[in-house]
Amino acid sequence: MRLSRYFLPVLKENPSEAQIVSHRYMLRAGMIKQSAAGIYSWLPLGFKVLKKIETIVHEEQMRAGHIPMLMPTLQSADLWKESGRYDDYGQEMLRISDRHGRDMLYGPTNEELITDIFRSHVGSYKDLPLTLYHIQWKFRDEIRPRFGVMRGREFYMKDGYNFDLTKEDALHAYNRHLVSYLRSYERMGLQAIPMRADGGPIGGDYTHEFLVLADTGESEVFYDSAVTDLTFGDRAIDYDSVEQCQGVLEEFTSKYARTDETHDEALFNEVPEERRRVARGIEVGQIFYFGTKYSEALGANVQGPDGKQSPVHMGSHGIGVSRLLGAIIEASHDDKGIIWPEGVTPFHCGLVNLKQGDAEADAACESLYEALTAAGLEPLYDDRKERAGGKFATMDLIGLPWRITVGPRGLKNGVVELTSRRSGESEELSPEAAVQKIVEIYANHQTGRGF
Ligand code: ATP
Ligand code: MG
């Protein structure tokens with residue numbers, strides 16, 4: 001993409017409405033524009049990152065054997081009346097009536113809809129196990145939408161639902177989700193720690209929230225610092241193996257890590273004092289086994305091998321796709337702007353021409369642009385007639401992890417400059433070597449082309 005032809009409405013001033021750094025940088029970098037409280041338009045740069053995150057979530061869900069589909073944003077109230085949640089959900093639910101006076105709602109979540117799909121089409125254990133998911137906009141009329149996309153009213157969420165014959169099978173699905181979530185967050189360059197959460201009115205031990213540590217997080221968290229040493233890495237996993245998935249769950253959840261809702265002071269005090277941490281975190285996902293709550297309410301039964309009918313065991317599992325943009329920025333920025341991890345960066349590298357209009361510099365940039373594109377990468381070429389300082393400031397703000405700087409002086413010696421946004425370090429390389437290095441860096445981070 002050439003910046004002269006792109007739409008990147010960067011703001012010079014700090015917007016006064018933004019209280020936290022991610023919100024401030026998303027506005028300044030021209031990623032989002034508020035349309036109403038907690039509702040945003042996604043401008044091209046924001047949309048690009050949103051799609052990259054979405055792609056990672058899809059790839060990891062499909063890798064785990066979960067099946068993508070799409071349910072609507074607007075739902076009829078009937079199913080919610082059947083489950084009893086139409087009255088229970090309260091003011092967070094946006095209720096609408098259509099021209100015929102039928103009660104409708106903008107879905108805050110999809111347990112009812114998916115259970116209805118299941119009961120209409122599945123009746124036998126032979127069709128199980130089954131996990132269906134979608135990534136779709138949700139609406140919750142939050143009392144205090146704030147912090148930009150972190151607590152919106154309209155937000156983008158992956159929600160998946162497992163259907164299993166027995167509790168044991170459903171717990172394997174739970175573990176599979178835990179593993180796939182660990183992989184997803186790591187690909188985004190994030191550490192999200194599974195913490196024991198509150199099962200709410202249904203109770204039970206089977207729910208974990210995934211938290212990214214950040215001072216601006218809304219949850220208070222208590223943990224053994226040893227959990228921050230755990231990484232999933234690129235180990236191979238067989239998602240059908242009950243033992244392997246259970247092993248990962250044990251490895252990642254046996255150390256103390258809880259939110260304030262489930263915090264237990266006595267247990268926490270058993271952690272060696274020097275490893276006890278009290279901090280704040282951003283919830284970027286949650287997994288939940290809730291048994292037969294919805295299948296009983298909606299009559300979703302399956303026939304077992306013994307011929308008997310019983311309600312299917314279910315769980316639901318969410319990732320806050322749009323919130324993740326804010327969480328990643330909270331975890332990765334400096335005072336100049338965002339620092340995107342390679343896995344989600346909107347463009348793979350920036351290309352800065354120090355002397356636009358200089359025949360040699362222009363030609364070198366064109367050939368770098370072509371070489372990067374031919375290698376399957378997307379550069380953002382700042383081809384505007386602007387001062388170098390302004391170009392650098394824009395690149396630093398929008399946070400591309402790598403930048404190639406091209407100027408007449410370097411070209412005389414046959415070199416361009418390759419700079420890491422994260423470390424600030426630069427090296428001089430031939431144009432070919434710079435392309436080669438960027439290609440190698442991204443060999444491990446293929447997220448496909450953006451939009
Ligand atoms: P919270 O406690 O932050 O209100 P929740 O527990 O009600 O969230 P879930 O129903 O678990 O949310 O939804 C799954 C994921 O969707 C959450 O882990 C979070 O990342 C994201 N999410 C929930 N509410 C919002 C919101 N208002 N804006 C943006 N993302 C959200
Ligand atoms: Mg939650």
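This report describes strand pairing and helix packing in two regions of a predicted model.

**The five-stranded sheet**

Five strands form an open sheet with mixed pairing, in the order E20-E19-E21-E22-E23. Strands E20 (379-382) and E23 (426-429) occupy the edges; each has a single partner strand, so one side of each is left without a neighbour in the sheet. On average, neighbouring strands of this sheet are turned by 20° against each other, direction ignored.

Within the sheet, E19 (residues 349-353) is paired with E21 (residues 402-406) in the parallel sense, over four bridges. Val352 has Thr405 of E21 as its bridge partner. Helix H14 (residues 431-442) lies across E19, E21, E22 (416-420) and E23. The helix runs at about 170° to E21.

**Strand E7 and its partners**

Strand E7 spans residues 130-139, and nine of its ten residues are buried, so the strand is largely enclosed by the rest of the structure. E7 pairs with strand E3 (residues 67-68) in parallel fashion through two bridges, and Ile67 has Leu132 of E7 as its bridge partner. With strand E8 (residues 154-164), E7 pairs in the antiparallel sense over ten bridges. Here the bridge partner of Trp137 is Tyr156 in E8.

The pairings described above are set out below.

| Strand pair | Sense | Bridges |
|---|---|---|
| E19 and E21 | parallel | four bridges |
| E3 and E7 | parallel | two bridges |
| E7 and E8 | antiparallel | ten bridges |

Terms used: Residues numbered from 1 in each chain as written. Chains lettered and ligands numbered in written order. Predicted model: local features only at pLDDT ≥ 70, side-chain atom pairs only at ≥ 80, totals over all residues. Heavy atoms only, no water. Pairing = 2+ DSSP bridges. Axes fitted to C-alpha atoms, helices over the stretch in contact; angles between N-to-C directions. Contact = heavy atoms within 4.5 Å. Buried < 20%, exposed > 50% of the residue type's maximum accessible area, 1.4 Å probe, protein only.
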